[in-house]
Amino acid sequence: MGNIKESKVITCEKCQSLVASRNQIVNGAGKIDAEVLFIGEGPGKEEDLSGKPFMGRSGKVLDRSLENNGIKRSGIRITNCVRCRPEGNRNPSKEELFNCKGHLYEEIHIVDPGLIVTLGKVSSEHLLGREVKVTEESGKIELIDISGTMRSLLICIHPAATLYNPKQKIIFESTIAKVSEWIMMKKLPGMDYDD
Ligand code: URA
């Protein structure tokens, strides 16, 4: 089992505008050798303040859905495509995504997950390298090559998309249910919410 080289990430100053807008760098959190790795877009205000991914409203939606599906947050890992909050919660630019890709790929290599779940369009397109219609494609599993290793990737809509849209909520819930099915199929120990 490896360790994320936090210092390398913490001292990163590649993106001038993100260095200016961030309070701190938000690294991935959760189990270091998790079988399931969720990847969001980038930290928002709450994450920038707390230093942990998915702590605000999107995080609450995700937490509720994980709990409904018997998945412990402590049994998975959650990270983001970029580790610094873009000002005004704008989407990270192509250059910022590119600059942070090394940190993300290193984390994927260390965690070595059996399943990657991309939350939202930015994350799905960043990992798959193609246009993704997330509402239509949420729930789809694809095999992707990440640094020479083939990995399963499940496309999922972003939890924030469910906040004002009941249809998106249904899609989100059914996609998280697929994560639970995948875990059951693998019969992974320690993943049940009640154990
Ligand atoms: N949205 C994301 O994509 N990531 C977070 O960490 C929080 C909100």
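This is a short tutorial dialogue on reading a predicted model.

Student: Where do I start with helix α5, and what span should its 18 residues cover?

Tutor: Start with the rise per residue. At 1.5 Å a residue, α5 (residues 94–111) should span 26 Å. Its end C-alpha atoms lie 25 Å apart, which agrees.

Student: Where does α5 bend?

Tutor: At K101, by about 40°. Just after the helix, D112 takes a positive phi of about 55°.

Student: Which residues of α5 are buried?

Tutor: Among them are E96, L97, N99, C100, H103 and L104. Keep E96 and C100 in mind.

Student: Then take C100. Is it buried or exposed, and how many disulfides are there?

Tutor: Disulfides come from sulfur-to-sulfur distance, with a cut-off of 2.5 Å. The count here is zero. For C100, the nearest cysteine sulfur belongs to C12, 6.3 Å away, so C100 is in no disulfide. C156 is in none either; its nearest cysteine sulfur, that of C81, is 13 Å off. C100 is buried, because its relative accessible area is 9%. C156 is buried too, at 0%.

Student: And E96? Which residue pairs with it in a salt bridge?

Tutor: The general idea first. Side chains of opposite charge can pair when their charged atoms come close. Here R90 forms a salt bridge with E96, the closest N and O atoms being 2.8 Å apart. R90 also meets E87, at 3.1 Å, N to O. E96 counts as buried at 6% relative accessibility. R90 is partly exposed at 26%, and E87 is partly exposed at 40%.

Student: How many salt bridges does the whole structure hold?

Tutor: A full search finds 13. R130, E137, K140 and E142 are linked in a network of them.

Student: Which salt bridge shows helix spacing, with residues about one turn apart?

Tutor: An α-helix has 3.6 residues a turn, so residues three or four places apart point the same way. E125 and K121 both lie in helix α6 (residues 121–128), four residues apart. Their side chains meet in a salt bridge at 2.8 Å, N to O. E125 is partly exposed at 24%, as is K121 at 38%.

Student: Last one: N80. What does its side chain reach?

Tutor: Place the residue, then check burial, then list polar partners. N80 lies in strand β3 (residues 77–80). At 2% relative accessibility, N80 counts as buried. Its side chain reaches the backbone nitrogen of E41 at 3.2 Å. The backbone nitrogen of G42 lies 3.3 Å from a polar atom of the N80 side chain. Beyond its sequence neighbours within four places, N80 has contacts including P43, F54 and L104. L104 is one of the buried residues of α5.

Methods. Residues numbered from 1 in each chain as written. Predicted model: local features only at pLDDT ≥ 70, side-chain atom pairs only at ≥ 80, totals over all residues. Heavy atoms only, no water. Helix = DSSP H or I, 4+ residues; strand = E, 2+ residues; numbered from the N terminus. Expected span 1.5 Å × (residues − 1). Bend = angle between axes of the 7 residues up to and from the residue. Buried < 20%, exposed > 50% of the residue type's maximum accessible area, 1.4 Å probe, protein only. Polar contact = N/O pair within 3.5 Å; in protein donor to acceptor, adjacent residues only side chain to side chain. Contact = heavy atoms within 4.5 Å. Salt bridge = Lys/Arg side-chain N within 4 Å of Asp/Glu carboxyl O.
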